[in-house]
Amino acid sequence: MKGVRINETAAWQALATHHAALKERHLRALFAEDPGRAERFAAEGAGLFLDYSKNRITAETMRLLLALAEERDVAGRREAMFRGEKINETERRAVLHVALRAPRGTRIEVDGRDVVAEVHAVLDRMADFAREVRNGRWVGYKERPIRNIVNIGIGGSYLGPEMAARALGAFADPGLTFRFVSNVDGADFAAASAGLDPAETLFIVSSKTFTTLETMSNAATARRWIVESLGSEAAVARHFVAVSTNSKAVAEFGIDASRMFGFWDWVGGRYSMDSAIGLSTMIAIGPERFAEMLAGFHAMDEHFRSASPARNLPLLLGLLTVWYNNFFGAETLGIMPYAAPLARFPAYLQQLQMESNGKHVALDGGPVAWQTGPIIWGEPGTDGQHSFFQLLHQGTKLVPCDLIGFCEPLSPFAHQHDLLMANLFAQAEALAFGKTAEELEREGSPAFQTPFRVTEGNRPTNVILADRLDPRTLGSLVALYEHSVFTQGVIWSIDSFDQWGVELGKVLAGRIIPELATDAVPVAGHDSSTRALIARYRHRRGR
Ligand code: F6P
């Protein structure tokens, strides 16, 4: 048995005792007894405002959670990350996504090399290329300017770029079309390439490893699509660029080193949307706005590093996640952006949080005896209100939610913005305070309906408000969650930066692929269920 027992520490035990006393208290009572609650439980930084007053907490809860952070040395670990220490222990790597947005001239060293200078060298090359594409100087094989950009990548090499393309659509060059291919299902490539003129289409093959099955299969299909339609292998040089850490594999694919934009092993895939993986974002919004996005990330990095613990947004958000996950037994966390352009933000956060903190072994190699990362899910409001919010209001499960909104509209249909935001505020209010039988009866509810209409309330939410959804704000918002995830990982004593759990499935798929290639290959070595499924598929696939 290994040593770490975070659930036996004084800070953890104090929280458990406190939880037992607090768990029955209703937010109605907590608000009634403290007129200053909204101000007390609010914090602001890097352009984001966090109202966390509608959580099932008191000042004592926060004192105890901050004591837990201190006992777990979140600050020390944070500094180790910023210094470039190899805090990704299972892969012996530094974790330096913060270097991706460090201002030019800052020094952060990994193995004696200043990585910030390297980051800016790549950003400069990206900017040159993005400008060439945007102003039409980069032409395809048939001398036609590029109008369509297709990012091929999966996981961290896809979710950030796709999320950002939607989120920042209002800032994108309207003359360019952006598509994303991730799934190995050929239907995904078919849909992404439908209606595009190959002569005007640029593929960005994004893969940290340049070995990922899905991406390499789609890249090969795209290559065929270009070569067959444009009639020459030589077209590849004008229609493909790569973003990767694996220059050898990129060269083997046929992409020249001058058309490869690199990054480094100290950037985790799910922490890479602000690296060269963001090339499609930069082409869409331009290098200047991309720099604003990086400034937003950096502002939150600085806030995380320097704000006092009680006002520190990522720290608070991370600790509140621990509070519900470990003391209330909440299994999930809902992310509800009240902004249609953030439609893919929950999916982005799914990878960020679940691939980072879905771990069952502590850093010392022993099994954890406490819950780790919650299940992340969500949809934009108000859509969710008309589907699953019923369960949030009246179901039997506790589902803490983050509601994210913006004070200024970005669309030309600004008059609808107040309706959107009214719904955000209303949901937070309804979830917290609910409606009692007495209130319903006073309002004339028929007696037979009253019990069904009661909403208990006491459902916790964080409300995150920013002025507007622009590149800078998006950077701050993503960094907020990155550092919240980091905080949780330190509390749980896990490595938030590896992802060994995804390997087994890849190995098994690699074994099954040849068994599907031809019926002549015997299907052996699996369990009876897998064998029968493969046999049924081979028999019925219609080939
Ligand atoms: O399989 C999981 C994963 O390794 C993610 O961590 C990563 O973001 C994704 O696959 C894509 O990997 P790559 O960028 O190397 O293609």
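**Ligand site**

I began at the ligand, where I found one of its oxygen atoms 3.1 Å from an N or O atom in the side chain of Gln-351. The model I am reading is a predicted one, and I keep that in mind for every distance noted here. I then looked for further polar neighbours of the ligand, and noted that a polar side-chain atom of Glu-355 lies 2.7 Å from an oxygen atom of the ligand, while a polar backbone atom of Gly-156 is 2.7 Å from a ligand oxygen. How much of the ligand does the protein bury? Taken alone the ligand exposes 390 Å², and the protein buries 88% of that. I listed the surroundings as well: 14 residues surround the ligand, and the closest are Ser-157, Ser-207, Lys-208, Thr-209 and Thr-212.

**Nonpolar cores**

I next turned to the largest nonpolar core, which has 121 residues, and I wrote down Trp-266, Ile-283, Leu-342, Phe-345, Leu-474 and Tyr-481 as the ones that touch the most other members. Helix H20, residues 471–492, gives the most to this core, with 11 residues. I also noted a second, separate core of 24 residues, with Ala-192, Leu-196, Val-227 and Phe-240 among them.

I took Ile-283 for a closer look and, not counting residues up to four places away in sequence, found that Ile-283 touches Phe-129, Ala-130, Val-133, Arg-134, Ile-149, Leu-176, Phe-178 and Ile-204.

**Helix H6**

Phe-129, Ala-130 and Val-133 came up again when I looked at H6, since they are on the list of its buried residues. That list also includes Val-115, Val-116, Glu-118, Val-119, His-120, Val-122, Leu-123, Met-126 and Ala-127. H6 covers residues 115–134, has 20 residues, and reaches 28 Å from its first C-alpha to its last, close to the 28 Å expected at 1.5 Å a residue. At the start of H6, I found a side-chain oxygen of Asp-114 reaching to within 3.2 Å of the backbone nitrogen of Val-116. Just after H6, I recorded a positive phi of about 80° for Gly-136.

**Three polar residues looked up singly**

I asked of Thr-61, in helix H4 (residues 59–71), whether the residue is buried or exposed. Thr-61 is buried, because its relative accessible area is 0%, and the cut-off for buried is under 20%. The side chain of Thr-61 reaches the backbone nitrogen of Thr-58 at 2.7 Å, and, residues up to four places away in sequence not being counted, Thr-61 touches Leu-15, His-18, Leu-22 and Trp-323. I also checked Thr-61 against Ser-493, and found the two 432 residues apart in sequence and 21 Å apart in space, C-alpha to C-alpha.

Glu-162 sits in helix H7, residues 159–167, and counts as buried because its relative accessibility is 11%. Leaving aside neighbours within four places in sequence, I found Glu-162 in contact with Phe-180 and Arg-344.

Last, I looked at Asn-7, which lies in the segment before helix H1 (10–22). Why does Asn-7 count as buried? Asn-7 counts as buried because its relative accessibility is 18%, which is to be read against the cut-off of under 20%. The side chain of Asn-7 reaches the backbone oxygen of Ala-369 at 3.3 Å. With neighbours within four places in sequence left aside, Asn-7 is in contact with Trp-12, Gln-13, Ala-369 and Trp-370, so that entry closes the page.

Key
Residues are numbered from 1 along each chain as its sequence is written. This is a predicted model: local features need pLDDT of at least 70, side-chain atom pairs count only at pLDDT 80 or more; totals for chains, interfaces and linings use all residues. Side-chain values use heavy atoms; hydrogens and water are left out. A nonpolar core is a set of buried Ala, Val, Leu, Ile, Met, Phe, Trp, Tyr and Cys residues joined through side-chain atoms within 4.5 Å. Buried means under 20% relative accessible area, exposed over 50%, partly exposed in between (1.4 Å probe, protein chains only). Helices (H or I, at least four residues) and strands (E, at least two) are DSSP runs, numbered from the N terminus. Contact means heavy atoms within 4.5 Å. A polar contact is a pair of N or O atoms within 3.5 Å; within protein, one must be able to donate a hydrogen and the other to accept it, and residues adjacent in sequence count only if both atoms are side-chain atoms. A residue is near a molecule or strand if one of its heavy atoms lies within 4 Å of it. Accessible areas come from the Shrake-Rupley method with a 1.4 Å probe; for residues, only the protein chains shown count as cover. The expected span of a helix is 1.5 Å times one less than its number of residues.
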